[in-house]
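I opened this model to look up its pockets and the annotated binding sites. My notes are below the structure.

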Amino acid sequence: MYSFSCEYIALHVLQNVAVSSGTGQSDFQHLENVLSAVPQVRYICLDVANGYSEQFVQHVKDVRARFPKHTIMAGNVVTGEMVEELILSGADIIKVGIGPGSVCTTRKKTGVGYPQLSAVIECADAAHGLNGHIISDGGCACPGDVAKAFGAGADFVMLGGMLSGHTESGGETIEKDGKKYKLFYGMSSETAMKRHAGGVAEYRASEGKTVEVPFRGDVEETIKDILGGIRSTCTYVGAGKLKELSRRTTFIRVTQQLNPMFSNP
């Protein structure tokens, strides 16, 4: 039987937390304030929808100069050239993905995007050549998609829709016709911008949607399902550990992956 103090648990949690920030001057000051108040936090996430700007690159450089010992995540981008630019500017981990999220409407509203598997393959090669890492952000609808992201070279995989609707998930719980649902919305959606920025700016459109996800109980079973799928993937392709998966993976193009005989209408 082990006994852990609240201070130990809090410290352990904080060491696995990242401060998320934008690129404005007020954001930089807020970042400094948070990290000064909570020095145990070692991760910084510089999070913008479009990482293709000189301002963003300069912001990464400024944050690296101010916080030389922190791990910096930056994105989002989808091409190898920009991954290299951000790593050389001081980022350690690059977030990859524009438009693939389940509640993202960027591709529909703007026509801008990049196939997620192709982006991960190209960006992973670029990052690993500079001793950097990438996070595959978006596009996973089942455990097999998570395995493919790792197989394509991702070092980390972000999940939104697959983890929505659970007890531990954010969002409001609502009830309709005796059934429970949880609200899940994209951070560029009208819901998010009303909640966090006072509304959608006149010069732009909402690039996300709000959906009601059926309540799915505790997230533990979903996590077990994902981890079980990845373990089986490693067994099928002969990878002794997750790090080997990308070296054991071959992708082929298909017109249909699943047998639809018993699919829901």
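These entries go from setup to pockets to annotated residues.

**Setup.** I am working on a predicted model, where local features need pLDDT of at least 70, side-chain atom pairs count only at pLDDT 80 or more, and totals for chains, interfaces and linings use all residues. Residues are numbered from 1 along each chain as its sequence is written, and side-chain values use heavy atoms, with hydrogens and water left out.

**Entry 1, largest pocket.** I looked up the open space first. A pocket here is an open set of points on a 1 Å grid over the protein atoms alone, where a 1.4 Å probe fits, with protein on both sides within 12 Å along at least five of seven lines; lining residues have an atom within 4 Å of a point. The volume is the space filled by probe spheres set on the points, which are joined across faces, edges and corners. The largest pocket holds about 1800 Å³. Its lining counts 47 residues, and Asp-47, Ala-49, Gly-186, Met-187 and Ser-188 lie nearest the centre.

I then checked which elements build this wall. Helices (H or I, at least four residues) and strands (E, at least two) are DSSP runs, numbered from the N terminus. Strands S1 (18–21), S2 (43–47) and S8 (179–185), with helices H5 (106–110) and H8 (190–197), each give at least two lining residues. H8 contributes the most, with 4 residues.

By class, I noted 22 nonpolar, 20 polar and 5 charged residues in this lining. Ala, Val, Leu, Ile, Met, Phe, Trp, Tyr, Cys and Pro count as nonpolar, Asp, Glu, Lys and Arg as charged, and the others, Gly among them, as polar.

**Entry 2, second largest pocket.** This pocket holds about 620 Å³. I found 24 residues in its lining, with Leu-117, Asp-145, Lys-148, Phe-251 and Gln-257 nearest the centre. Helices H6 (116–128), H7 (143–151) and H9 (220–237) each supply at least two of the lining residues. H7 has the largest share, 5 residues. The classes come to 11 nonpolar, 10 polar and 3 charged.

**Entry 3, first annotation.** I pulled the UniProt record next. Its unreviewed entry puts a "binding site" at Gly-99, Gly-101, Cys-104 and Arg-107. Of this set, Gly-99, Gly-101 and Cys-104 are in the lining of the largest pocket. UniProt annotations may be inferred rather than shown by experiment.

**Entry 4, Gly-101 and Arg-107.** Gly-101 sits in the loop between strand S4 (93–96) and H5. I count Gly-101 as partly exposed because its relative accessible area is 26%. The scale is buried under 20%, exposed over 50%, partly exposed in between (1.4 Å probe, protein chains only). Beyond four places in sequence, Gly-101 contacts Gly-138 and Gly-139; contact means heavy atoms within 4.5 Å.

Arg-107 is in helix H5. At 34% relative accessibility, Arg-107 is also partly exposed.

**Entry 5, Gly-99.** Gly-99 lies in the loop between S4 and H5. Gly-99 is buried, at 13% relative accessibility. Beyond four places in sequence, Gly-99 touches Cys-104, Thr-106 and Arg-107. The backbone oxygen of Gly-99 is 3.4 Å from a polar atom of the Arg-107 side chain.

**Entry 6, second annotation.** Another UniProt "binding site" from the unreviewed entry lists residues including Asp-47, Gly-99, Ser-232 and Thr-235. From that list, the lining of the largest pocket takes in Asp-47, Val-48, Ala-49, Ile-98, Gly-99, Met-187, Tyr-203 and Arg-204.

Key: A polar contact is a pair of N or O atoms within 3.5 Å; within protein, one must be able to donate a hydrogen and the other to accept it, and residues adjacent in sequence count only if both atoms are side-chain atoms.
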